[in-house]
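Visitor: I'd like a quick walk through this model before I head back to the bench. Can you take my questions one by one?

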Amino acid sequence: MALNARLDHRNPLVFDTHELGRRPGALQRLTRTIDAPRDLGIQGVIGVPEGAPMELELRLESVMEGVLVTGTARASAEGECVRCLEPLEQVLEADFQEMFSYPDADDRGRPKAEPADDAEEDEDTLPLEDGLFDLEPVLRDAVVLALPMQPVCQDDCPGLCSECGVRLADDPDHHHDAVDIRWAALQGLAGSLEDGEKDEMSGAEAGVDEKQEK
């Protein structure tokens, strides 16, 4: 989202802190069920499908510097097992905590004497805008951290056969007879000799047949 874009209170991930006021210690608890935004997760690996229901539990606390937001997001994530490539579904629970700062307060919560130089502002600071804050960037970071980088359908998933690709969980007794590579060349040579002997025998039998005809 562009830095100069104004927050829309109709956005389900935008929250209003006006009820807290600027009274340090004031608390507000919120629960909200939203439709998951797009691209929420690890692209191509696992994530929460766009539009899937996501439950949010938030605790808003007014402090000197701004509003401290602590919360938990719950949803169902979908992906693909990295071992057997089968679809999987996983319950997601992501915890987060973030400070949204008053735009007119310094690090100690006091009003700023002079407007700060843009170059000196901390890029990691998330400001309140007219008492509103956007939870989406915080939620995205929390979800990515909570999801596995290499999801599996079960902890002991045996994966796929490296030779034929069959899913080993469906056929636990599946195997291939291993051939010692040290004997592979000799087996090939033996096969060639056997073929040569068969050709010679066929030629000899043809000669005998010709003599008998004469």
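Visitor: Which strands do the buried residues of α1 pack against?

Guide: Bear in mind that this is a predicted model. The buried residues of helix α1 (residues 136-146) are Val-138, Leu-139, Ala-142 and Val-143. They cover an arc of only 130° around the axis, which puts them on the same side of α1. What that set packs against is β2 (27-35), β3 (40-42), β5 (53-62), β6, β7 and β8.

Visitor: And which exposed residues sit on the face of α1 turned away from its buried side?

Guide: Residues three or four places apart in an α-helix point the same way, because there are 3.6 of them a turn. In α1, the buried set includes Val-138 and Ala-142. Turned away from that buried side, the helix carries the exposed residues Asp-141 and Leu-145.

Visitor: Which residue does Arg-140 meet in a salt bridge?

Guide: Look along α1 itself, where the two partners lie four residues apart, about one turn of the helix. Arg-140 counts as partly exposed because its relative accessibility is 24%. The partner is also partly exposed, at 21%. With N to O at 3.0 Å, the side chain that Arg-140 meets is that of Glu-136.

Visitor: What about Arg-74: which residues are joined with it into one network by salt bridges that share partners?

Guide: Start with the pair Arg-74 and Glu-57, whose side chains meet at 3.2 Å, N to O. That pair links distant parts of the chain, with Arg-74 in strand β6 and Glu-57 in strand β5, 17 residues apart. Arg-74 is partly exposed at 28%, and Glu-57 is partly exposed at 39%. Through shared partners, the residues joined with Arg-74 into one network are Glu-57 and Glu-93.

Visitor: Is Arg-38, which pairs with Asp-39, buried or exposed?

Guide: Those two form a salt bridge, and their closest N and O atoms are 3.7 Å apart. Asp-39 has a relative accessible area of 56%, so Asp-39 is exposed. Arg-38 comes in at 54% relative accessibility, so Arg-38 counts as exposed.

Visitor: How many bridges pair β6 with β7, and in which sense?

Guide: The two strands form a hairpin with six residues between them, and Leu-85 in the turn has a positive phi of about 65°. One of the partnerships puts Ser-76 across from Val-91 in β7. Strand β6 covers residues 66-80 and β7 covers residues 87-101, and they pair over 15 bridges, antiparallel.

Visitor: β7 also pairs with β8, so which residue in β8 stands opposite Ser-101?

Guide: β8 covers residues 126-127. β7 and β8 pair in the parallel sense over two bridges. Opposite Ser-101 stands Pro-127.

Visitor: How many disulfides does the count come to?

Guide: A pair of cysteine sulfur atoms has to lie within 2.5 Å to qualify. The sulfur closest to that of Cys-153 belongs to Cys-157, and at 3.7 Å it is too far for a bond. Cys-164 is in no disulfide either, with the nearest cysteine sulfur, in Cys-161, 3.7 Å away. The disulfide count comes to zero.

Visitor: Last one: leaving aside neighbours within four places in sequence, which residues is Pro-12 in contact with?

Guide: Pro-12 is found in the segment before β1 (14-16), and counts as partly exposed at 38% relative accessibility. Its C-alpha is 9.1 Å from that of Asp-134, 122 residues apart along the chain. With those sequence neighbours left aside, Pro-12 is in contact with Arg-32 and Ile-34.

Conventions. Residues are numbered from 1 along each chain as its sequence is written. This is a predicted model: local features need pLDDT of at least 70, side-chain atom pairs count only at pLDDT 80 or more; totals for chains, interfaces and linings use all residues. Side-chain values use heavy atoms; hydrogens and water are left out. Buried means under 20% relative accessible area, exposed over 50%, partly exposed in between (1.4 Å probe, protein chains only). Contact means heavy atoms within 4.5 Å. Two strands pair if DSSP finds at least two bridges between them. The arc is that of the directions from the helix axis to the C-beta atoms. A salt bridge is a side-chain nitrogen of Lys or Arg within 4 Å of a carboxyl oxygen of Asp or Glu.
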